[in-house]
Structures are given as C-alpha cells and as structure tokens.
Amino acid sequence: MKCRPEPPHPELFRTPPRRFGWLDDRLLSEGWLPRLESDTIAVLVLLALAADRQGASWYSRERMAERLGLTRMQVEQALARLLKLQLVALRPWHQGITDGVWQL
C-alpha cells in the first residue's frame, strides 16, 4: 500500500470559507485546460468564484473585465469560447440583452 505524500506545511491545512468557489476536476482530467487560452481560464475561474451553490453567477461582462484587468473584447471572446465548448450556459435577463445568469 502506497503512503500518501504529506503537504510541506501541514499546519496550513485549509477549510473552505463561508463563500467557496469550485471548479470541476474534469477540467483537468478530461484535458480542457490545454485547450483554453489564459483569458478564457481567467473568466472561468472568476465565474466559479462568484457562483452560488448551483454554479450560477450574474456578473456582467463589464464587471468581469474590471475585476480581471481585461478589455471588454477579451471577456467577450473568452465567454464566446466557453459557450461554444459548453463549459458555461447563459440565460439573458431579457431578449436582446447580452448579460444575465451564467451557469458553470
């Protein structure tokens, strides 16, 4: 039986805070990360950190750009990629509105 490696600083074990973002381990195990550009990964991480327990977030594109230090166009392209790959879904607030509820 193999021994499980010990972390270098066991005194730093973490417990999730009240608000806790998660990412599906399939992003790593199914090879999604190498297919995504850094801006796309940044937007995905932001949505994960901002999501509620159902994986839903309602950050606007403008707010995402501000929080990530990206341009609105970079966020638009990242979201388009995530939608195309079906890593996120969007339900707009109203018809013709580009922002709404994002779901991981």
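**Group meeting: a walk through the chain, from core to surface**

Hi everyone, let's start with burial: of the 104 residues in this chain, 29% count as buried. Please keep in mind that we are looking at a predicted model.

First, the overall layout. The chain has four helices and three strands, and from the N terminus on they follow the order α-α-β-α-α-β-β. The radius of gyration is 16 Å, well over the 13 Å that the globule rule gives for 104 residues, so the chain is more spread out than a compact globule. If you turn the model on your screen, the C-alpha trace spans about 60 × 30 × 25 Å along its principal axes. As for the surface, about 8100 Å² of the chain is accessible, and 55% of that belongs to carbon and sulfur atoms.

What about contacts along the sequence? Taking contacts between residues at least 6 apart, 50% of them join residues at least 24 apart.

Now, the inside. Which residues have the most contacts within the largest nonpolar core? They are Val 43, Leu 47, Met 64 and Leu 79, in a core of 19 residues. At least two residues of this core come from each of H2, helix H3 (61-68) and helix H4 (72-84). H2 gives the largest share, with five residues.

Let's zoom in on Met 64. Setting aside neighbours within four places in sequence, Met 64 is in contact with Val 43, Leu 46, Leu 47, Tyr 59, Val 75, Leu 79 and Trp 102. Three names there are ones you just heard as well connected core members: Val 43, Leu 47 and Leu 79.

Let's stay with H2 and take two of its residues. Here is one for you: is Thr 40 buried or exposed? Thr 40 sits in helix H2, and its relative accessible area is 3%, under the 20% cut-off, so Thr 40 is buried. Beyond its neighbours within four places in sequence, Thr 40 touches Ala 78, Arg 81 and Leu 82.

The other residue is Leu 49, also in helix H2, which covers residues 38-50. Why does Leu 49 count as exposed? Because its relative accessibility is 53%, and the cut-off for exposed is over 50%. Leu 49 also takes part in a nonpolar surface patch of about 250 Å², made together with Leu 23 and Val 45.

So, to leave you with one picture of H2: this helix holds the buried Thr 40 and the exposed Leu 49, and H2 also supplies five residues of the largest nonpolar core. Thanks for listening, everyone!

Methods. Residues numbered from 1 in each chain as written. Predicted model: local features only at pLDDT ≥ 70, side-chain atom pairs only at ≥ 80, totals over all residues. Heavy atoms only, no water. Patch = residues over 30% accessible without salt bridge, like charges linked within 9 Å, V, L, I, M, F, W, Y side chains within 5 Å. Areas by Shrake-Rupley, 256 points an atom, 1.4 Å probe, with all protein chains shown as cover. Salt bridge = Lys/Arg side-chain N within 4 Å of Asp/Glu carboxyl O. Buried < 20%, exposed > 50% of the residue type's maximum accessible area, 1.4 Å probe, protein only. Core = buried A, V, L, I, M, F, W, Y, C linked by side-chain atoms within 4.5 Å. Contact = heavy atoms within 4.5 Å. Rg over C-alpha atoms; globule rule 2.2 N^0.38 Å.
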